[in-house]
Amino acid sequence: MPTTLEHLGHWTLSKGLHIVLVVTFTIIATRVIRWIAGRISRRLSDADDGGTTVRSEAAKHRQAVASVISSVAISLLYVMVAVDIANQIGLPLGSLVAPAAVLGAALGFGAQRIVQDLLSGFFVITEKQYGFGDLVEVTVNGGGEARGTVEDVTLRVTKLRTSDGEVFTVPNGQIVKSLNLSKDWARAVVDIPVPATADINRVNEVLRDVTTTASRVDDLPDLLLDEPQLMGVESIEKDTVKLRMVARTLPGKQFEVGRRLRSLVVSALRRAGVATSGVETTEMGVSQS
């Protein structure tokens, strides 16, 4: 009995203490890695916010890369710690190779989805499809769609927050198509239906005045890349004629610009005595890449 107690005490003071120290180090290292990643993300955000309305594509990509590197580093740390603890408690890792191979083959069909997610996430990051703060719409395998602002990107999942505050967590391997609405620049398309009996020449004059004054209204010029353009008659229906106005905007600002232009158009047509049956706005994200 004393021999057993002595052996247990020796194991506790040597290998047991080693395991405790390793686990403690892992917990601290994990927190440090996450703290460093968070600090890097905040510094990138602060550096890019200086005097700019929107974040640059490079800053979005760097923040996504920092998040991926931190998650990979933590995963590698956990694997090394698990192997070290297994050695300390005397698990014969060599004899586990054959059973692990059999188990791996059995789990292969289930694990292939995880591998697919990781590979897809790798290409999302390296190809700069989207990054933190981008407004995207993704089509998920099966026909479903998710739209929102990118809050987190890892090798396995993408998290999107909708305008209602809800969060979509989409496995990267299930994304079959992604539409980035805030990359490089965007376009707001405003369709203006007017009665078919209206004087189109007069309506065009009023709308051209709107495109000119839009560049001088409050802070709207800060969101526009150039002066809005009146494209003319887009379609003719039974009782209405639809005209179209387009504007190139900063990425992600097409929605605000569309709302502001609608307000200007309705007010201008009302002052000119032209009735509108509803002004439609379509916001599109456009990539120059």
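**View 1. Phe 123 and its ring partner, Phe 122, in a predicted model.** Phe 123 has a relative accessibility of 41%, so Phe 123 counts as partly exposed. Phe 122 is also partly exposed, at 43% relative accessibility. The structure holds one aromatic pair. The ring centres of Phe 122 and Phe 123 are 5.4 Å apart, and the planes meet at 70°, so this pair is edge-to-face. The cut-off for that label is an angle over 60 degrees.

**View 2. A nonpolar patch on the surface.** Five residues make this patch: Ile 28, Val 32, Trp 35, Ile 36 and Ile 40. The patch covers about 460 Å². Look at Ile 36, which belongs to helix α1 (residues 2-48). Ile 36 counts as partly exposed because its relative accessibility is 40%.

**View 3. A salt bridge between two strands, Glu 151 to Arg 161.** The closest N and O atoms of Glu 151 and Arg 161 are 2.5 Å apart. Glu 151 sits in strand β2 (residues 145-153) and Arg 161 in strand β3 (residues 157-161), so the bridge ties together parts ten residues apart in sequence. Glu 151 is partly exposed, with a relative accessible area of 38%. Arg 161 is partly exposed too, with a relative accessible area of 32%.

**View 4. Arg 248 with Asp 226 and Trp 185.** Arg 248 and Asp 226 form a salt bridge through their side chains, at 3.0 Å from N to O. This pair links distant parts of the chain, 22 residues apart. Asp 226 lies in the loop between α4 (200-213) and β7 (229-236), while Arg 248 lies in strand β8 (residues 240-249). The charged end of Arg 248 also sits over the ring of Trp 185, 4.9 Å from the ring centre. Asp 226 is partly exposed at 33% relative accessibility. Arg 248 is partly exposed at 25%.

**View 5. A salt bridge within helix α5, Glu 256 to Arg 260.** The side chains of Glu 256 and Arg 260 meet at 3.8 Å, N to O. Both residues lie in helix α5 (residues 254-271). They are four residues apart, about one turn of the helix. Glu 256 is partly exposed, with a relative accessible area of 28%. Arg 260 counts as partly exposed at 22% relative accessibility.

**View 6. A salt-bridge network.** Asp 191, Glu 234 and Arg 244 are joined into one network by salt bridges that share partners. The count for the structure comes to seven salt bridges.

How values were computed: Residues are numbered from 1 along each chain as its sequence is written. This is a predicted model: local features need pLDDT of at least 70, side-chain atom pairs count only at pLDDT 80 or more; totals for chains, interfaces and linings use all residues. Side-chain values use heavy atoms; hydrogens and water are left out. Patches are made of residues with over 30% relative accessible area and no salt bridge: like charges are joined within 9 Å, nonpolar side chains (Val, Leu, Ile, Met, Phe, Trp, Tyr) within 5 Å. Accessible areas come from the Shrake-Rupley method with a 1.4 Å probe; for residues, only the protein chains shown count as cover. A salt bridge is a side-chain nitrogen of Lys or Arg within 4 Å of a carboxyl oxygen of Asp or Glu. Buried means under 20% relative accessible area, exposed over 50%, partly exposed in between (1.4 Å probe, protein chains only). Rings of Phe, Tyr and Trp (its six-membered ring) pair if their centres lie within 6.5 Å; planes under 30 degrees apart count as stacked, over 60 as edge-to-face and the rest as tilted. A charge sits over a ring if NZ of Lys or CZ of Arg is within 6 Å of the ring centre and within 35 degrees of the ring normal.
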